[in-house]
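Student: I've got the sequence and the fold up on my screen and would like to talk through how it's put together. Can we start with the strands and work inwards?

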Amino acid sequence: MGKFQYLPTIDYFCILIYQTMVKIQVINKGNQPLPQYATAQSAGMDLRANIEAPITLSPMERRLVPTGLFIALPIGYEAQVRPRSGLALKHGITVLNSPGTVDADYRGEIMVLLINLSDTDFVINAGERIAQMVIAKHEQATFEEVDMLDETERGTGGYGHTGVK
């Protein structure tokens, strides 16, 4: 169900934004609460480790960490699993396949592939916030094979190229 919200602009005029709330079916087979937004304008929801015993991640070790969550996304949506900035900054822990994508037709448990990029062990405890999940709309595309692409100012300038000469 959508709701209307008035937001002031820099010039103190008001614009009308229509917000929609996407409903996602979820099964929680874990011992942790469902993910939720920390603030009204948060993009991501924290995912928690659903484990029986602590997991020690050694330096450069990677491990799939279960969340206990199973979801059914609407067609045209994905769930992106991303690192938590605090874990990355303070402990060198990140999501290896970042962002990981959960497709709308996947029905297995959401697992988080963590890696320890630090030089010290890191212990993951039950209920620890290990990643964040962002729900995003996406499009599907089809390719049209051609012999030539249109010209642009940037052309073939790639990595580190701004297009300015």
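**Strands, core and a cavity**

Student: Which residue in β12 is the bridge partner of A79?

Tutor: First, a caution: this is a predicted model, where local features need pLDDT of at least 70 and side-chain atom pairs count only at pLDDT 80 or more, while totals for chains, interfaces and linings use all residues. Residues are numbered from 1 along each chain as its sequence is written, and side-chain values use heavy atoms, with hydrogens and water left out. β7 (77-82) and β12 (129-137) are antiparallel and share six bridges. Within that pairing, A79 has as its partner in β12 the residue I135.

Student: What pattern do the helix and strands follow along the sequence?

Tutor: Helices (H or I, at least four residues) and strands (E, at least two) are DSSP runs, numbered from the N terminus. On that basis the protein chain has one helix and 12 strands. Reading along the sequence gives β-β-β-β-β-β-β-α-β-β-β-β-β.

Student: β7 and β12 sit in an open sheet with two other strands, so to speak; what is the strand order of that sheet?

Tutor: Two strands pair if DSSP finds at least two bridges between them. β4 (45-48) joins β12 through four antiparallel bridges, with L47 partnered by A131. On another side of the story, β7 and β9 run antiparallel with three bridges, and Q80 stands opposite T101 in β9. The four-strand order is β4-β12-β7-β9.

Student: And how much does that sheet twist from one strand to the next?

Tutor: Its edge strands, each pairing on one side only, are β4 and β9 (100-102). For the angle, axes are lines fitted to C-alpha atoms, for helices over the stretch in contact, and angles run from 0 to 180 degrees between N-to-C directions. The average twist from one strand to the next is 35°.

Student: What is the order of the other open sheet, the one with β6 and β10?

Tutor: Go pair by pair. β3 and β6 are antiparallel over four bridges, with N28 facing L69, and β6 meets β10 through six antiparallel bridges. β8 then pairs antiparallel with β10 (residues 109-116) over three bridges, where T94 stands opposite I115. Put together, the open sheet reads β3-β6-β10-β8.

Student: How many residues of β6 are buried?

Tutor: Buried means under 20% relative accessible area, exposed over 50%, and partly exposed in between (1.4 Å probe, protein chains only). Of the 165 residues in the protein chain, 32% count as buried. β6 (62-72) is mostly covered, and of its 11 residues the buried ones number eight.

Student: Which element gives the most residues to the largest nonpolar core?

Tutor: A nonpolar core is a set of buried Ala, Val, Leu, Ile, Met, Phe, Trp, Tyr and Cys residues joined through side-chain atoms within 4.5 Å. The largest one has 27 residues, and L114 and I124 touch the most other members. Elements giving two or more residues include β6, β7 and β10. The top contributor, with four residues, is β12.

Student: Which strand supplies the largest share of the lining of the largest cavity?

Tutor: On a 1 Å grid over the protein atoms alone, a cavity is a set of points where a 1.4 Å probe fits but cannot get out, and lining residues have an atom within 4 Å of a point. One cavity of 30 Å³ or more turns up, and the largest holds about 50 Å³, a volume being the space filled by probe spheres set on grid points joined across faces, edges and corners. Among its lining residues are N28, L47 and L69. The largest share, three residues, comes from β4.

Student: One last check on the loops: is M60 buried or exposed?

Tutor: M60 is in the loop between β5 and β6. Its phi is near 65°, a positive value in a residue other than glycine. With a relative accessible area of 52%, M60 is exposed.

Student: And which residue does a cis peptide bond join to S98?

Tutor: Look in the loop between β8 and β9. The omega there is about -10°, and the residue joined to S98 is P99.

Note on methods: On a 1 Å grid over the protein atoms alone, a cavity is a set of points where a 1.4 Å probe fits but cannot get out, and a pocket is an open set with protein on both sides within 12 Å along at least five of seven lines; lining residues have an atom within 4 Å of a point.
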